[in-house]
Each structure stands twice: as C-alpha cells, then as structure tokens.
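Work through the exercises below with the structure open beside you. Try each task before you read its solution.

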Amino acid sequence: MGQCKSCNAWNTLVEEILERPSTESSWSSDATVPSNKALPLSDVHRHEQDRRPTHDKELDRVLGGGLVPGSLVLLGGEPGIGKSTLLLQVALLQGEKVLYVSGEESAQQIRMRAERIGLHGPGCHVLTEVSTRKILQAAEQLKPDMLIVDSIQTSHNPQLDSAPGSISQIREAAAEFLRYAKSRHVPVILVGHITKDGHLAGPKVLEHMVDVVLQFEGDRHHLFRMLRALKNRFGSTQELGIYQMDGKGLQGVANPSGLLLGQREEGLSGSAVGIPSEGMQPLLVEVQALVSSAVYGTPQRSCTGFDTRRLNMLLAVLEKRCGFRLGAKDVFLNVTGGLRVEDPALDLAVCAAILSSNADIPIPHGMAFAAEVGLGGEIRPVHRMEQRMNEAGKLGFDTVFCAKQSGIKAGIHHGVNVVPVQRMEALVAALFG
Ligand code: TYD
Ligand code: MG
C-alpha cells in the first residue's frame with residue numbers, strides 16, 4: 001500500500017516484523033533477557049572494574065576510561081574522515097579476540113590497510129558480510145571479546161523486504177546488535193554514516209538505542225581529526241580526542257597546542273590566541289579574523305570552526321556597546337588547524353581578532369585570551385582558569401586576559417602576567433590605547 005489509511009499520507013508506511021506472540025503472558029515474553037526484579041538501589045552491584053581499556057589513549061579518554069562490556073557504541077562521521085581506519089586500529093591493538101565485520105570493503109582491502117597501519121593484531125578476525133543474521137551467527141561461533149560492524153547502514157536483515165539503509169532496516173539491525181551485546185556481555189561498535197547536514201543517517205531512535213554516540217569530525221584537508229562523545233551513558237561528554245592522519249593511520253596528538261601554534265606568523269593583524277578547554281585539557285588555538293568593507297549590499301559573515309550565530313552576537317555587542325561600525329563590513333573568521341571549538345571561553349579571542357583586523361593593528365605575540373563575552377559587553381569568567389594559565393605559561397605566553405570576576409588578581413600567576421578586564425571597552429583600551 002502506498003497510502004496510509006488513517007492519515008491519507010503517501011509513502012509513509014514502514015515495514016516491521018511482528019514477533020509471534022509467545023505462550024506466556026505479554027509482560028514476560030522476551031526469553032533472551034532474564035526477567036528482572038525490583039531491587040533497592042543500594043543492593044545493585046557495581047561493575048566499575050569491568051571497563052576495558054581499548055589501548056587507544058584518545059579513544060579511552062573520550063569514552064571515559066574504556067569500553068563497558070555489553071555496551072553498544074555508535075561512531076558517526078563523514079565519508080573519508082577515518083572511521084574504518086580508527087576501528088581497524090582499535091581491533092589490531094587488542095590482545096583478545098575481535099571480530100571486525102565490514103560490509104563496505106573486501107578482506108584484501110582490510111588486509112592492505114592493516115599492513116599500512118603496521119600493527120599485526122593477533123586476535124583480529126575479519127568478516128565481509130552484510131546480513132545481520134550471518135554476522136551474529138559468525139559471532140556466536142567465534143565468541144569475540146569485541147564486535148565491530150562497519151557499517152550499520154550496510155547491515156540488513158533479509159527477512160525484511162525494505163532496502164538496506166532504510167529506516168526500518170537500520171532500526172532492526174541496531175536492535176539485533178543491541179540484543180547480542182546485552183545478552184553476550186560483549187561491547188559492540190557500529191559505524192554510522194552521516195547525512196549532508198551533519199546528522200547521523202537513519203532514524204533518531206538509533207541514537208536513543210545505543211549507549212554511546214561518538215562523532216568523528218574535522219576537515220579532510222586539515223591536520224586534525226576530533227573525536228567527541230555526543231552521548232555517553234558511562235561518562236562525560238566533555239572530552240575531546242585529537243588525532244592526526246598520516247601515512248601509518250591515525251596517531252593521537254599529545255601536544256595539540258604546540259602543533260597548532262607552530263605555524264603562527266608574527267606581526268599579522270587579525271590574529272589572536274584563545275584558550276578554550278575542551279574536556280579536562282586546555283588548548284591554545286589561533287583565531288584569525290578578516291574584516292573588510294562589504295563589496296555587495298549585504299555584508300557576509302562566515303566562520304570555520306566557530307558558531308556563526310555566536311559570531312553575529314559578538315559583532316552586535318562590539319557595534320552596540322563599543323561603537324565599532326561593523327554592520328557594513330564583511331567578517332570572516334577561522335579557527336586554525338581545522339578545529340571546531342564550542343567553549344565560550346574563545347569569545348574574547350574572537351573579539352580581539354576582529355578588533356585587531358578592523359584597526360589593522362597586530363596583537364602582541366605573547367598574548368592570550370580566555371573569557372566569555374556577554375550581551376551587555378561584560379566579560380564573564382570561565383572555569384578551569386588555573387589550568388588555562390598553566391598551559392599558556394608552558395607554551396611561552398607572557399600575558400593572559402581574563403574576566404575580572406574570575407577572582408584572579410592582576411600580576412604573575414603560573415609564569416604569565418594576568419590582566420583581568422571587566423568590560424569590552426577596557427579590553428579595547430588595553431589593546432589599542
Ligand atoms: P577511512 O578510514 O576509510 O574513512 P571512513 O571509513 O570514515 O570513510 O579512510 C580515511 C582516509 O584516510 C582515506 O581517504 C585514506 C586516508 N588514510 C591515510 O591517509 N593514511 C592511512 O594510513 C590510512 C589507513 C588511510
Ligand atoms: Mg569506512
């Protein structure tokens with residue numbers, strides 16, 4: 001049927017397999033899951049020690065210490081970003097048995113990639129298969145300690161008539177892997193494709209079903225790839241893992257700030273260094289702004305690595321509170337290295353870069369900025385200032401601008417001269433006199 005009988009909409013029907021009703025009452029029909037009793041919370045056992053490290057430092061940090069057995073993890077990312085490479089690397093790093101299932105590449109291709117990565121992985125088994133039934137049969141035979149499926153969009157259940165990659169197929173396949181993970185107590189990692197607008201392809205319910213959603217992002221042409229947790233039932237979603245793709249696969253980056261700032265040129269206007277803290281680790285990143293008279297009627301605003309709406313807000317603050325005429329200017333903003341920053345602590349560096357480009361006066365090389373900017377033009381404190389100052393000091397910076405309300409007194413802390421400022425006007429005065 002093409003039309004829904006109740007709402008008359010066309011092509012909205014989705015196929016579902018109905019389970020045969022069991023003889024037991026419907027409350028306890030699911031035979032694969034042992035029936036549970038209600039328990040006082042204090043009687044519930046904790047399985048903290050169960051968390052198994054993956055031996056990939058960045059991934060472990062993002063996951064919150066490793067994979068929890070029986071958990072279902074979804075790794076999303078654009079094509080070519082390195083999802084398959086990352087998971088093959090993880091499979092090769094394990095001492096135990098891992099089943100790496102690929103529906104997208106041949107076993108030879110996987111072998112060649114493994115050789116390129118240069119790890120031998122004694123326990124890594126590969127299977128090229130798309131039928132969920134056969135994948136799970138193979139897993140039942142091999143009894144791996146970890147199952148990796150690349151990708152959920154290519155896996156399908158032949159019993160369903162709908163095409164692989166359709167909503168009902170994705171949901172059904174994910175449900176089967178979820179049942180496998182929970183009943184066999186094995187972590188399962190699924191690769192998920194991303195649609196053009198950056199969302200995970202497939203039904204939203206997929207994200208609800210899994211325990212962890214990881215996102216692999218970054219520009220294919222840039223240095224860095226970032227791994228974030230969008231959802232994590234076992235840990236925080238604050239941590240950021242940073243990788244670099246080279247000829248031998250993905251390498252974790254231990255000192256991203258050093259690498260990011262290594263390419264900075266001295267004496268350029270429109271460049272400022274901010275200290276966002278993604279997760280526990282503060283980073284120093286360079287923000288570049290270009291402010292020029294608009295060629296066309298409507299000025300353009302464009303950002304890479306920063307939220308465009310937030311840029312518009314900061315421009316409005318500079319215009320209204322400090323009297324800069326930016327309304328008729330094109331403004332381009334770039335966070336170098338292909339990093340995407342969410343921490344509002346970058347606000348002050350963004351404003352400084354814009355003002356520096358607008359006035360065509362470079363900001364001294366040893367200066368860094370760490371504060372949020374409010375709608376009233378007030379400069380607001382951000383957390384973890386100690387760590388931020390420390391990181392700036394380690395990388396040879398001599399001055400850090402922060403919010404007056406952060407409670408840090410002017411003077412030398414952690415080897416850097418701290419300049420607390422209360423309002424945008426004060427920053428303008430301090431920078432350009
Ligand atoms: P891939 O992991 O297949 O990405 P995804 O599964 O997310 O689509 O490929 C990532 C890209 O990285 C691929 O275009 C080739 C490149 N690459 C390297 O530069 N070095 C390497 O060692 C490997 C294995 C891949
Ligand atoms: Mg792939």
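Three exercises follow, on a predicted model.

**Exercise 1. Find which residues surround ligand 1 most closely, and sort the shell by class.**

Solution.
- Step 1: Count the shell. Ligand 1 is surrounded by 15 residues.
- Step 2: Pick out the closest. They are G80, S84, T85, D246 and G249.
- Step 3: Sort by class. Three residues of the shell are nonpolar, six are polar and six are charged.

**Exercise 2. Find backbone atoms that make polar contacts with ligand 1, then say how much of the ligand is covered.**

Solution.
- Step 1: Recall the cut-off. A polar contact needs N or O atoms within 3.5 Å.
- Step 2: Check oxygen atoms of the ligand. A backbone N or O atom of G80 is 2.7 Å from one. For K83, such a backbone atom lies 2.8 Å from a ligand oxygen.
- Step 3: Check nitrogen. D246 places a backbone N or O atom 2.7 Å from a nitrogen atom of ligand 1.
- Step 4: Turn to cover. On its own, ligand 1 has 570 Å² of accessible area, and the protein covers 75% of this.
- Step 5: Name the elements. Helix 2 (83–93), helix 3 (107–117) and strand 8 (240–246) each give two or more residues to the shell. Helix 2 gives the most, with three residues.

**Exercise 3. Decide where the model calls for caution.**

Solution.
- Step 1: Start with the whole protein. The average pLDDT is 88, and 95% of the residues score at least 70.
- Step 2: Look for the weak stretch. Over residues 24–29, pLDDT stays under 50. The model has one contact beyond four places in sequence for this stretch.
- Step 3: Conclude. Predicted coordinates should not be read in detail where pLDDT is low.

Note on methods
Residues are numbered from 1 along each chain as its sequence is written. Chains are lettered from A and ligands numbered from 1 in the order in which they are written. This is a predicted model: local features need pLDDT of at least 70, side-chain atom pairs count only at pLDDT 80 or more; totals for chains, interfaces and linings use all residues. Side-chain values use heavy atoms; hydrogens and water are left out. A residue is near a molecule or strand if one of its heavy atoms lies within 4 Å of it. A polar contact is a pair of N or O atoms within 3.5 Å; within protein, one must be able to donate a hydrogen and the other to accept it, and residues adjacent in sequence count only if both atoms are side-chain atoms. Accessible areas come from the Shrake-Rupley method with a 1.4 Å probe; for residues, only the protein chains shown count as cover. Helices (H or I, at least four residues) and strands (E, at least two) are DSSP runs, numbered from the N terminus. Ala, Val, Leu, Ile, Met, Phe, Trp, Tyr, Cys and Pro count as nonpolar, Asp, Glu, Lys and Arg as charged, and the others, Gly among them, as polar. pLDDT is the predictor's confidence in each residue, from 0 to 100. Contact means heavy atoms within 4.5 Å.
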